[in-house]
4 protein chains.
Amino acid sequence: MKPTELRIGVIGYGQMGRIHSYAYRAIPFYYDGQPCKIVLKGICDSNETLAKKGKEQAGFEFHCTDYHELINRNDVDVIDICTPNKQHYAAVVAALQSRKHVYCEKPLAYDLREAKKILELAEKSGCKHQITAEYRFIPAIMKAKELTGEDFVGKVFHFRGLYLHSGYIDPKRPREWRLQKEMIGGGVLVDLGPHILDIMHHLVGEVEEVCALTETFFKERPSPENPKEMLPVDVEDAVLLLFRFRNGALGYAEMSRVATGAEDEMRFEIHGQNGALAFNLMKPNELLAFNAREPRDRQGFKVITTVQKYPPPAVMPAPKFTMGWIRSHVAAQYSFLDCIVNDRMPSPNFRDAVHLHQVLDAAYRSVGKKGWVKV
Amino acid sequence: MKPTELRIGVIGYGQMGRIHSYAYRAIPFYYDGQPCKIVLKGICDSNETLAKKGKEQAGFEFHCTDYHELINRNDVDVIDICTPNKQHYAAVVAALQSRKHVYCEKPLAYDLREAKKILELAEKSGCKHQITAEYRFIPAIMKAKELTGEDFVGKVFHFRGLYLHSGYIDPKRPREWRLQKEMIGGGVLVDLGPHILDIMHHLVGEVEEVCALTETFFKERPSPENPKEMLPVDVEDAVLLLFRFRNGALGYAEMSRVATGAEDEMRFEIHGQNGALAFNLMKPNELLAFNAREPRDRQGFKVITTVQKYPPPAVMPAPKFTMGWIRSHVAAQYSFLDCIVNDRMPSPNFRDAVHLHQVLDAAYRSVGKKGWVKV
Amino acid sequence: MKPTELRIGVIGYGQMGRIHSYAYRAIPFYYDGQPCKIVLKGICDSNETLAKKGKEQAGFEFHCTDYHELINRNDVDVIDICTPNKQHYAAVVAALQSRKHVYCEKPLAYDLREAKKILELAEKSGCKHQITAEYRFIPAIMKAKELTGEDFVGKVFHFRGLYLHSGYIDPKRPREWRLQKEMIGGGVLVDLGPHILDIMHHLVGEVEEVCALTETFFKERPSPENPKEMLPVDVEDAVLLLFRFRNGALGYAEMSRVATGAEDEMRFEIHGQNGALAFNLMKPNELLAFNAREPRDRQGFKVITTVQKYPPPAVMPAPKFTMGWIRSHVAAQYSFLDCIVNDRMPSPNFRDAVHLHQVLDAAYRSVGKKGWVKV
Amino acid sequence: MKPTELRIGVIGYGQMGRIHSYAYRAIPFYYDGQPCKIVLKGICDSNETLAKKGKEQAGFEFHCTDYHELINRNDVDVIDICTPNKQHYAAVVAALQSRKHVYCEKPLAYDLREAKKILELAEKSGCKHQITAEYRFIPAIMKAKELTGEDFVGKVFHFRGLYLHSGYIDPKRPREWRLQKEMIGGGVLVDLGPHILDIMHHLVGEVEEVCALTETFFKERPSPENPKEMLPVDVEDAVLLLFRFRNGALGYAEMSRVATGAEDEMRFEIHGQNGALAFNLMKPNELLAFNAREPRDRQGFKVITTVQKYPPPAVMPAPKFTMGWIRSHVAAQYSFLDCIVNDRMPSPNFRDAVHLHQVLDAAYRSVGKKGWVKV
């Protein structure tokens, strides 16, 4: 019997916790009450001020500071994890052991070993699990997936993916937790990599071999507490990766936090025997598609305006209006809840997350070895 | 003393009523609880099914089918009107008489006469009033306004504005209420015109003279009830307008529902002595700005990436992420509530709405006269 | 019997005379010796220094300062006229009377009356005649013509054309001959109008009615001889035109010399029942084409990369390389010579030029009348 | 004493020989007779039909089939080499030994060893030498060089360069000479690489280390003589390269002949401490420049319209008109002749060519070693 309501508990009310909470609240408007009633049950943050704020802002029924309290309740069905990477493992494991469905921010774990253990547990649990990879839920990328599924691209020759930010160009930007390997497991590869590498995996397939190059341009930065004290940075600002895919395609991916001029620039291009696709997250309303099977003199990249063209039951707003970044979170969370209600396997799930961790792991090994390594 | 909460009543739960309700719900997330607590008090729709749906979807405390019931309550501070144009007048008048602040969908009234009477009443009432012109609240357009305020453009030579839709290209699209002059007061000029003409007014100034051309390409369409029966269309599919502004600039504006290839294409370009600006609603995250005072060999249109760069207290999401259409409604309604809380004059208000009706009125007179008319 | 060579005489070696001469020299390379041998016979300029320079630079066999000398020779087959507008009439008439084929810079004449007389004479003469409207010979526009010929656009609803320059924004720019009505017959309408109005005519058809608005933003400018002396400007800096076409379409065109930020911005957009087209001369290598008969969810503007894709016998360079402005002159002149060799009617010819003058004439009458006039 | 004329001999009248010949003919028009009189003396092609055609088409004084005949003449000052790579070495050596100035198509030689020997000889000879790297002579790239020279970009973090063609996607395309290592020395790296790698060198500096990946997607292709016979392809269709520069920057470059959708797509992006630049050869009239030292809220990529903005004495056509691919050849050859006349060192010369060959050589070694190699 399908559940008629899902009761959500969110762990972590920082930036992402707030966005996820907002998205749960927005689902009933965008999807006309589908897939079921959503109850914002509890919000947990080790910082009580934030936990309280979450309760008030989003209308949770209660707040707490110990996530076990949330996880152990019987009136919570879904646990949504928005804490820093280092803290994912314990919370995911506890949630799965308590038979909650788990929605977890990317990357799933601190490292490959943790990710594999989580997956094993998740598959045994019978619970639904999904990783936050909201870009799969942008209509332009959904259209790209639809097209690759129809062999629009054909045998792939090239994948080229970038994820460029510029926030760390300022040498005075402090050495915050995000710049400590101990806290996050790596640098920009771990931070931005999961997004573009997930799309690569989604649209092109699995990686066989990788060769990576990393650089830390700013090797020390001021302490957040004392700007006169310089602290070492032990994670990379930029990473460049060459790939060979199992299907024979060649790939390139690059992530950078010092790509001057970039705001939130995730781009990809795919070239294949039958066609080509291109996308830029800064123009999220467009998919570029080139059909090489059209007559030569009529070929060109077609700018498919995808805007709010979500499949039903999405009904708000009218499909001609532009969408922005936050809409993709609403769609990702809707999809997760819909999979729970209709007992389908969510995607991307922890299995995808493990493949991603394998690529991250291989990339760092490649840097150490200065050459190619198998995934 | 500043109010600590505002209690909202919405009239009409069609597409726009739902969007406005959603936006009130979203404000606390985007603005961290500012400007005050928002209570979704009551929703009214003459169709009870819709009224009930609004109550459930958005969490209003009650619903009703007679708007007087909503307007006459003491526990409602703000009336938000989302009904068809023809019905605005009576509701706005009743709300003002009941001393409610009024947020009204564009255009304010059925015709200029009604608009003037509303304005007179509004100014006497001491209540706050704002017209839905959400595009003023897109960061790119806020940046354009900031720049024009700094004389970035200088003396204006040209304004060129388009608002293009394509939804009525299909001859089989039925003759719905939007295609009846009696219901809406006009065609695409009344439907899309208010948006682009408001931006024109906002950025360039007041119109002195207008010369308009209209056309109804599909002079009859099937009845919504009986596709075999053809009904006359008495409103225009397209309108082209030449303007002279009071400040000496020349202007052009065009609205069309048969602009094949357009989704929601509101574009404008402004050329002046010092610089130029350009915007396209399909790329809402960008403002193009040309500075003619830079050295000649370094000039060019700069693509200012405005994305979620709303002024504080907007805090969600991070300002590097793209925004979409719906975000501008949140900002417009936030601004209205903020004006009530802080006792400032909202903008665009009913005074702006009257100027807009004067332009609409002059445009239709120009068509009748086949020549130029004064506004 | 086809001619095996054509002997060219050029009148006027200013900027345009030089470009035409260059283009004749370039034809053998681009077209592999087609359509026949081209002999640069004589160059005439009333300024002997320029005439001599033309001889040396382009390799003409002789130079002269009186165009009758050139026109009256038996060893000249083609007269190419590159003088200011005011001087076209006498030279064209003399050339036609001397049974030369005539290639004439736009606009054909000083006014409609002259243009009609030229056409009458040209048609009697049996000589070939073509007007310089080189933009018809850009591959992107050739592709647009091909598509409209295939009913890709279908019944046209809208044409929207702009030709924007910015060279006259500087108030210190002198009152040169181009700003005197006596010399050129009008302002920007006469200068830039012929290009965009020719493309409009080419792709959409004939105009029935026009309503125009002109403005001279800088009503006086410094004398070229004495910057302290201000001279009146009696021609418009900008013109805005509304059209009704004979086929029922609506049109808009605008020309300006004070469009800040524009280099050489000729743009057009056409919307019709079946599709839409768009072009911008600043991106001459692309035609945007929207096919409204494709499935809705796959629609979009396709950027057809037209580059050097001229029809055979054009062979240089490879068709994948970008083309620029000057290439279109080579193609236009090739086409004219090819029509002579193969005894076909060139296009656009003096008949097209007369229609253009009719539109220019009607536009100025409309300004005087402040309303609509028939063409 | 400055030469008053330069007498040119061209070797090879295939596609490139024709383009170079055209460009010499065009120089007097574009540059008003500068830098001196140009005499097209002789054209040589081992295929006499082509040699004759060159003579007629371009107006050379004589033709021949043995290049020694051309090189040994006293009335030839400049030798321009347009033969396949394999044949460069012997001709360049002979020309230098005969004390001719040499303009040579890229890449200079078959391999690094040959290139070094040529350079040694060239430097001894005192003759001027330049390599065809015409993209340095596009105004947009000249502007990029000017900006990097002014520290607009500052310390470079990233270079990203692509050169994408799609001509070899068709499996039926024959195994022509360009696909034989013996004839050309390599695959797409040797064919398209010199262009983008030259620009990289020009704008960013010298490479220290490289790691490359190549792939031949179509391992055999039909014989040009007998489509039923399949011949092996021993050169790569695609190459991906990671770089570390001597200045600490990271680089990526990719060349492909199977990049579906690409016409002639050479793109690059540079990100540095102070700014960023971007260029795409398919939009040759634009340079994108981002100034990170502007106020944050006014930043953006500025689209500098470079069009025909060549430095004087370039005078044709007016600088507002778009330029295309072929114009860059005219500028490159003008620059070479100007260096001869004014006794300056041309750039890029054979020294640059040797650095390029070092990078190509290192790249192929990297492929063999499956890892990083020093240049």
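Trainee: How many helices and strands does the secondary structure of chain A come to?

Mentor: This is a predicted model, and in it chain A comes to 11 helices and 17 strands. As for confidence, chain A averages a pLDDT of 97, and 100% of the residues score at least 70. The model as a whole scores ipTM 0.96 and pTM 0.97.

Trainee: What should I keep in mind about pLDDT when reading coordinates?

Mentor: Where pLDDT is low, the predicted coordinates should not be read in detail. For chain A, the average is 97.

Trainee: How do I read the radius of gyration of chain A?

Mentor: Put it beside the value for a compact globule. With 375 residues, such a globule would come out near 21 Å, and chain A has 21 Å, so the two agree. Along the principal axes, the C-alpha atoms of chain A fill a box of roughly 60 × 55 × 40 Å. Buried residues make up 61% of the 375 in this chain. Then look at the contacts in chain A with a separation of 6 or more: 68% of them are between residues 24 or more positions apart.

Trainee: Let's try a helix. What span is expected for H10 of chain B, and what does the helix reach?

Mentor: Helix H10(B) covers residues 325-341, 17 residues in total. From first C-alpha to last it reaches 25 Å, close to the 24 Å expected at 1.5 Å a residue.

Trainee: Which way do residues along an α-helix point?

Mentor: An α-helix has 3.6 residues a turn, so residues three or four places apart point the same way. As for the setting of this helix, 13 of the 17 residues of H10(B) are buried, so H10(B) is largely enclosed by the rest of the structure. After H10(B) comes Asp343(B), with a positive phi near 50 degrees.

Trainee: On to strands. Where do the side chains go in a regular strand?

Mentor: They alternate between the two faces of the sheet. Take E11 of chain D, residues 238-245: 7 of its 8 residues are buried, so E11(D) is largely enclosed by the rest of the structure.

Trainee: Which strands do bridges join to E11(D)?

Mentor: One is E8(D), residues 207-215, which runs antiparallel to E11(D) and is joined to it by 8 bridges. There, Glu215(D) stands opposite Ala238(D). Another is E12(D), residues 250-256, also antiparallel to E11(D), with 7 bridges. In that pair, Phe243(D) has Gly251(D) as its bridge partner. E11(D) and E12(D) form a hairpin with 4 residues between the strands, and in this hairpin Gly248(D) takes a positive phi near 95 degrees.

Trainee: What about single residues: is Gly161(B) buried or exposed?

Mentor: The test is a count of other C-beta atoms within 10 Å, with 20 or more meaning buried. Gly161(B) has 25, so it is buried. Gly161(B) sits in strand E7(B), residues 156-164. Beyond four places in sequence, its contacts are Ile196(B), Ile199(B), Met200(B), Ala253(B), Arg267(B) and Phe268(B). Met255(B) is 94 residues away in sequence from Gly161(B), yet the C-alpha atoms are 8.6 Å apart.

Trainee: And how many other C-beta atoms lie within 10 Å of Gly9(B)?

Mentor: There are 28, so Gly9(B) is buried. Gly9(B) belongs to strand E1(B), residues 5-11. Outside its neighbours within four places in sequence, Gly9(B) is in contact with residues including Lys41(B), Cys44(B), Leu70(B) and Val78(B). Gly9(B) and Gly371(B) are 362 residues apart along the chain, and their C-alpha atoms are separated by 44 Å.

Trainee: Now the interfaces. How many residues of chain D are in contact with chain A?

Mentor: 29 residues of chain D are in contact with 29 residues of chain A. On the chain D side, the elements giving two or more residues are E7, E8, E11, E12, E13 and E14. The largest share, 4 residues, comes from E12(D). By class, that side divides into 17 nonpolar, 9 polar and 3 charged residues.

Trainee: What does the contact between chains A and C take from each chain?

Mentor: 9 residues from chain A and 9 from chain C. The chain A side there has 3 nonpolar, 2 polar and 4 charged residues. Strand E16(A) and strand E16(C), each residues 300-305, run antiparallel and are joined by 5 bridges. Across that pairing, Ile304(A) stands opposite Gly300(C).

Key
Residues numbered from 1 in each chain as written. Chains lettered and ligands numbered in written order. Predicted model: local features only at pLDDT ≥ 70, side-chain atom pairs only at ≥ 80, totals over all residues. Contact = placed C-beta atoms within 7 Å. Nonpolar A, V, L, I, M, F, W, Y, C, P; charged D, E, K, R; others polar. Pairing = 2+ DSSP bridges. Expected span 1.5 Å × (residues − 1). Buried ≥ 20, exposed ≤ 12 C-beta atoms within 10 Å, placed from the backbone. pLDDT = per-residue confidence, 0-100. Rg over C-alpha atoms; globule rule 2.2 N^0.38 Å.
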